[in-house]
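User: Could you pick one part of this model and take me through it closely? I'd like a connected story rather than a list, with the cut-offs spelled out as you go.

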Amino acid sequence: MDLRDYGRAFVSRWVIILVLTLAGIAGALAASNAMPRVYEAHATLFVKVETGSGSAYERSQFSLQRVKSYPSLVKSPEVLEPVIRELDLELSLSELRDSIAADNPLETVFLNVIAESSEPQMAADIANAVAEHLGQHIQRLETTSGDSRVTVVPELTVPASAPSSPASPRTVLNVAVGALIGLSGGLLFAIAAFRLDSRLRTSRDVQSAVGMAVVGQLPRYRGRDGKPGEWPSNSKHWLAHRELLTNLLLAGRTALPPLLLLVPASARAGATFQRRNFALMVAELGKDVCVLEADSTLPPAFGQEHDGAGVAEVLSGKTNLTAVIRTTDSESVSYILPGSSADMKGRSLDRARQAVPVLDELKVRFDMTLAESAVTSSPLNAQQLAPSADYTLVICRYGKTKRDDLRRTFAELAAAGSPPQGVVMTGVPLRRRPSAVPLIQQAEAVAGRHARVRDADVNA
């Protein structure tokens, strides 16, 4: 994955990332509210050394050396038991020992006493009482009855006061940590989902899957979008279809393919390609276009006849091609229906042979014949049509067709001796469709590469 892939992963799944981040924040707030409030009070002792002899420097060094050992005395019974009696605490000696601490800031003669309690005033009272008894205990230890030359006098210089806010839980810190955990989880989920998601969404996805160019990206079409004649020349639909037509003309060196085969890569991809609109747009160029309904499972592009004669009857010899060719009301586009299901039975090899002269006659009659069929369709499937096709496009649906489906379709067409020349992506959201600039160099490169592949296959 490169930076663009990470960006796509995060943008496409921003809702999950946001939800997990908010869940982390909510969890941190819930945990903070459930935690008991603990208040922390601080009292400071100044350790002063008095001696009848020695310089001020010597007294200072003596204080600095001795004061380092005093913090460990704060948990001694001689200090804590008087505090329990004096404040009438309902705490055992071990419980009180766990709630207090002392430290000595580096290179100072100060002693800091810290006390914790569920009540702010009680925390201050305990800190002051412990500091007072700690000072008395230190003075007793350092001053012996037989030696009065050195006197250590700890003085309470900064008494503890009741804290205004609890020291724990730290709600702001907890929320920040919860947000970070939720955000990290969301980002990891987005990356994992992106790597596991094999659905195709961009031309880069198609390129990495089959090494093939996307020659057209058609936006989602709805009935209210109108017919091609109603599209403004600057609309996304008009530009997208013009881009596809331009790329087809470039691939055919300014000529439309006599037989254009469309093969859906997934079950519902075929229905998303608007054969009607595409054929009408080609007809606006002054071309004779015929839509061959080779797949009986697709809704007809023109006409609503369901039992009329069509391709199946021609292949079975019951009628000729001229009899089944119909035209639209405006007579701008011709079309051929699939025909009766009773005439669609037969061996695949026989049907493929029967289709060759029919397809050749359509190439002579029309500037372009548009046929869409899947690999398993009837009366003519994609493998039967592929050998006669002049240009084959595989249709993939944005966000629905999977990488393996596209690869399987390419492999089946290649096995039929007619590898596809490009891919059309349908159902692309308007906001995600790239600007409709013809992919001239890309289309020419694709056309040249596949021409060489076909020549090599023929020579082999």
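Analyst: **A close look at the open sheet**

Of the contacts in the chain with a separation of 6 or more, 78% are between residues 24 or more positions apart; contact here means heavy atoms within 4.5 Å. Before going on, note that this is a predicted model, where local features need pLDDT of at least 70 and side-chain atom pairs count only at pLDDT 80 or more, while totals for chains, interfaces and linings use all residues. Residues are numbered from 1 along each chain as its sequence is written, and side-chain values use heavy atoms, with hydrogens and water left out.

The chain has 16 helices and twelve strands (DSSP runs numbered from the N terminus: H or I of at least four residues for helices, E of at least two for strands). Eight strands make up an open sheet, in the order β5-β12-β11-β6-β10-β7-β9-β8 and with mixed pairing; two strands count as paired if DSSP finds at least two bridges between them. In general, strands of a sheet pair through backbone hydrogen bonds, either parallel or antiparallel.

Let's start inside the sheet, with β6 (residues 259-264). β6 is parallel to its partner β10 (residues 368-372), over four bridges, and L261 has A371 as its bridge partner there. With β11 (residues 391-397), β6 is again parallel, this time over five bridges, and L262 is matched to L393.

How covered is β6? Six of its six residues are buried, where buried means under 20% relative accessible area, exposed over 50% and partly exposed in between (1.4 Å probe, protein chains only). For the chain as a whole, 44% of the 460 residues count as buried. Side chains in a regular strand alternate between the two faces of the sheet. In β6, L259, L261 and V263 are buried on one side, and L260, L262 and P264 are buried on the other.

Now go to the edges. β5 (214-219) and β8 (326-327) have a single partner strand each, so one side of each has no neighbour in the sheet. β5 runs parallel to β12 (residues 422-428) over four bridges, with V214 bridged to V423.

Both V214 and V423 turn up again around V206: apart from its neighbours within four places in sequence, V206 is in contact with L200, G211, M212, V214, C396, L406, V423 and M425. V206 is also among the residues with the most contacts inside the largest nonpolar core, along with I336, L362 and L406. That core has 40 residues, a nonpolar core being a set of buried Ala, Val, Leu, Ile, Met, Phe, Trp, Tyr and Cys residues joined through side-chain atoms within 4.5 Å. Helix α13 (residues 348-365) is its biggest contributor, with four residues. There's a second, separate core too, with 32 residues, including F273, F278, Y335 and V424.

One last stop takes us back towards β10: D367 sits in the loop between α13 and β10. Is D367 buried or exposed? D367 counts as partly exposed, because its relative accessibility is 35%. Beyond its neighbours within four places in sequence, D367 is in contact with L256, P257, P258, G286, K287 and D288. D367 and A255 are 112 residues apart in sequence, and their C-alpha atoms are 9.0 Å apart in space.
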